[in-house]
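Please work through the following exercises with the structure in view. Each task is followed by a solution in steps.

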Amino acid sequence: MMGIGGLANIAGGIIGGRARREEQRAARAQMQERMAAYENMQFENPYANMQNTMEDLTVNQQQAQFLAQQQQQGLANTMGAMSGAAGGSGIAALAQAMANQQSQNMQQASASIGQQEARNQMAAAQQGAQIQQLQAQGEADIQAREQARTETLLGMSQSRLAAANQARQQATEQLIGGVGQIAGAAAGAFGG
């Protein structure tokens, strides 16, 4: 009876071993295919080629130019109207007062342009800093993904090796167990 059980174990180990080897080959081929695809995945920094759209802002000079033209025309009209009424000395004083007023007006227009330029520079600097921060974050993300991929591949390789070792160990134990049962049955038959 032990001999029959031993033969059954040997047969089970051999038959089961073949099926396990076939399954192991198919699993290995599938795993190699998927691992190759996984290893070849490319990670890219989505922020690498960002451009600072604020650095090319321009200043609106139309308002300042329009104000300057209006003021010059107004001063010319006033000078023309007053030239006959004020006389020589009055015209000189009027011209000086108007020149002072025009100077103040031009300074105001220049200040307006300067404020626009300062705002544009501030916006460009802020966006530039934001782009640099995003690019650095993108590089950190790539490094984290690469590390996670390496860890995953290592874990997959370890699991695969453990499963292959376990399957071979079980097949070997089943064969040895079957041989042992047959030897025990033979010893019992000859001993009796």
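Accessible areas here come from the Shrake-Rupley method with a 1.4 Å probe. The model is predicted.

**Exercise 1.** State how much area the protein chain exposes and what share carbon and sulfur atoms supply.

*Solution.* The protein chain exposes about 13800 Å². Carbon and sulfur atoms supply 54% of that area. As for burial, 18% of the 192 residues in the protein chain are buried, where buried means under 20% relative accessible area.

**Exercise 2.** Determine how many helices and strands the protein chain has, and what share of its contacts with a separation of 6 or more joins residues 24 or more positions apart.

*Solution.* Step one: the protein chain has 2 helices and 0 strands. Helix H1 covers residues 2-39, and helix H2 covers residues 62-191. Step two: among contacts with a separation of 6 or more, 90% are between residues 24 or more positions apart.

**Exercise 3.** Identify the residues of the positive surface patch and the helix that contributes its largest share.

*Solution.* The patch consists of Arg-21, Arg-25, Arg-28 and Arg-160. Helix H1 gives the largest share, with 3 residues. Arg-21 lies in helix H1. Patch residues need over 30% relative accessible area; Arg-21 has 44% and is therefore partly exposed.

**Exercise 4.** Classify Leu-67 as buried, partly exposed or exposed, and give its C-alpha distance to Met-106.

*Solution.* Leu-67 is located in helix H2. Its relative accessible area is 39%, so Leu-67 is partly exposed. Leu-67 and Met-106 are separated by 39 residues in sequence, and their C-alpha atoms are 8.6 Å apart in space.

Technical notes
Residues are numbered from 1 along each chain as its sequence is written. This is a predicted model: local features need pLDDT of at least 70, side-chain atom pairs count only at pLDDT 80 or more; totals for chains, interfaces and linings use all residues. Side-chain values use heavy atoms; hydrogens and water are left out. Patches are made of residues with over 30% relative accessible area and no salt bridge: like charges are joined within 9 Å, nonpolar side chains (Val, Leu, Ile, Met, Phe, Trp, Tyr) within 5 Å. A salt bridge is a side-chain nitrogen of Lys or Arg within 4 Å of a carboxyl oxygen of Asp or Glu. Lys and Arg count as positive and Asp and Glu as negative; His and the chain ends are not counted. The place of a charge is taken as NZ of Lys, CZ of Arg, CG of Asp or CD of Glu. Helices (H or I, at least four residues) and strands (E, at least two) are DSSP runs, numbered from the N terminus. Buried means under 20% relative accessible area, exposed over 50%, partly exposed in between (1.4 Å probe, protein chains only). Contact means heavy atoms within 4.5 Å.
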